[in-house]
Amino acid sequence: MQLYERIPNNVNLSEDKRLQRALENWLPNYLDWWREMGPDGFQQKDVFLRTAVSVEPEGWAHFDYIKMPDYRWGIFLKPAEADARIGFGDNYGMPAYQEVPGEFRNALRRIIVTQGDTEPASVEQQRQLGKTCPSLYDLRNLFQVNVEEGRHLWAMVYLLHRYFGRDGRDEADELLQRRSGNPDKPRILEAFNQPCDDWLNFFCFTTFTDRDGKYQLAALAESGFEPLARTCQFMLTEEAHHLFVGETGVGRVVKRTAQLMKENRGANAREGGGIPLEIIQRYINFWFSYSLDLFGGEISSNSADFFAAGLKGRFQEQKKYEDHFAVDEMFSLTVVENGELKQRDVPMRNALNEVLRGEYVADCERALARWNKYIHEEGVQAELYLPSTRFHRHVGEFAGHYFDVQGRLISQEEFERFKPEWLPSFEDREYVRSLMHPVTEPGKIANWIAPPAAGIKGRPFDFEYVRL
Ligand SMILES: [Fe+2]
Ligand SMILES: [Fe+2]
């Protein structure tokens with residue numbers, strides 16, 4: 001571990017002078033981007049953050065006060081295993097790729113750039129949120145997520161610089177040039193161009209969109225291109241906290257809403273200054289549907305090619321599956337044919353996006369069940385749900401068609417008529433925004449959200465997580 005180098009790393013960077021120089025040239029551009037597009041304000045404040053100090057599962061992180069620009073951005077890969085093999089696809093059992101195989105070069109670069117692009121994008125989307133934090137605890141969690149997304153960008157940029165030569169360096173530069181939501185140079189994926197300008201958006205984003213990240217990284221952590229697999233394995237360790245922030249964040253909003261409903265004898269939580277369940281539901285519908293698009297088309301020749309090549313596996317490929325070829329299997333999925341929903345059997349390898357999406361949806365259901373438990377615990381009779389995976393889709397089989405939240409095919413007119421019931425309206429967003437006032441006194445919290453069950457790293461809730 002070269003922890004105290006200019007670019008901390010565990011890839012022996014100092015032995016590869018060319019690469020080290022290239023990354024040291026990229027570093028100031030990265031810092032410029034961070035200053036311009038990272039959290040607005042707070043850059044000189046001490047934040048109680050965790051930093052990676054090792055890549056071992058036990059004790060990899062160190063917690064202390066640090067100013068965000070001094071964060072230890074670095075390159076950390078899970079250590080290599082002796083005799084690593086390709087775990088699936090046509091080359092199953094062959095030695096893992098240590099360099100990029102020529103015929104897959106473009107595909108692999110595309111995968112890495114697309115993943116890499118999401119990391120700075122989310123930081124950009126969230127850059128104004130610090131100003132309206134509901135508590136110091138939440139402010140700290142926001143910044144923790146932000147610096148780690150910055151480090152994830154480093155992880156992908158390392159792969160581009162190290163394995164893709166000139167075009168890799170160009171791609172690394174472009175990762176700092178695109179901007180979330182900018183019509184002229186938008187981020188690659190649409191979920192990462194959506195505004196994330198209030199804390200309910202933030203918690204939904206970290207629940208649903210970061211969870212897509214978890215599944216993409218998990219599929220890439222199986223990759224036969226070993227450096228990519230090892231990079232993603234370590235990123236997943238950090239990602240778990242982002243999902244925690246999202247899931248407990250929405251959970252605490254839901255809990256507070258249920259409390260206010262109970263106090264007002266079932267009346268709308270709005271009267272008590274909370275966020276009504278209907279609005280929370282519409283935010284869920286919005287972020288869930290955009291996040292589903294991130295898995296790609298239901299039927300995909302790319303997914304088949306990536307699997308065949310051993311580049312992108314299934315979720316827990318080694319743990320969950322016995323047959324790593326998946327050539328003879330078929331998968332039945334729903335498609336739209338002549339204005340009707342029909343079942344169609346497709347070769348398993350062409351359905352892998354949908355298989356991964358299925359794993360994701362099951363994981364989201366778990367989060368919903370927990371949120372509903374908070375509602376029931378307050379004695380309130382109401383439930384949040386996940387809309388159909390066909391609802392409000394912009395990518396794949398269902399794009400260009402209209403569905404209700406139950407997944408029934410409907411006309412465009414009907415969709416437009418019910419849209420204010422299903423998706424956040426301008427008024428919803430205005431209302432949520434009207435609640436967003438900063439609460440920065442240690443131990444205090446905004447009225448629209450419940451405090452967390454525990455603090456960070458054994459510290460109490462009233463700990464001074466950010467010194468303002
Ligand atoms: Fe990330
Ligand atoms: Fe994340």
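These are my notes on two iron sites and one helix in a predicted model.

**Ground rules.** Local features need pLDDT of at least 70, side-chain atom pairs count only at pLDDT 80 or more, and totals for chains, interfaces and linings use all residues. Residues are numbered from 1 along each chain as its sequence is written, chains are lettered from A and ligands numbered from 1 in the order written, and side-chain values use heavy atoms, with hydrogens and water left out.

**Iron ion (ligand 1).** I looked up its protein donors (N, O and S atoms within 2.8 Å of the metal, or 3.2 Å for Na, K and Ca; water is not among the atoms, so sites may look incomplete). I found Glu119 (OE), Glu149 (OE) and His152 (ND1), 2.0 to 2.2 Å from the ion. Glu149 and His152 sit 3 residues apart in helix H3 (residues 136–163), about one turn of the helix. Helices here are DSSP runs (H or I, at least four residues), numbered from the N terminus.

**Iron ion (ligand 2).** I see Glu149 (OE), Asp210 (OD), Glu239 (OE, listed twice) and His242 (ND1) coordinating this ion at 2.0 to 2.8 Å. Asp210 in helix H5 (residues 199–220) and Glu239 in helix H6 (residues 226–263) are 29 residues apart. Glu149 bridges both iron ions, which lie 3.5 Å apart.

**Burial.** I checked Glu149, which is buried at 3% relative accessible area (buried means under 20%, with a 1.4 Å probe and protein chains only). His152 is buried at 0%, Asp210 at 5% and Glu239 at 4%.

**Helix H2.** I noted that 17 of its 21 residues are buried. At 1.5 Å times one less than its number of residues, H2 (residues 105–125) should span 30 Å, and its end C-alpha atoms are indeed 30 Å apart.

Technical notes
Helix = DSSP H or I, 4+ residues; strand = E, 2+ residues; numbered from the N terminus. Buried < 20%, exposed > 50% of the residue type's maximum accessible area, 1.4 Å probe, protein only.
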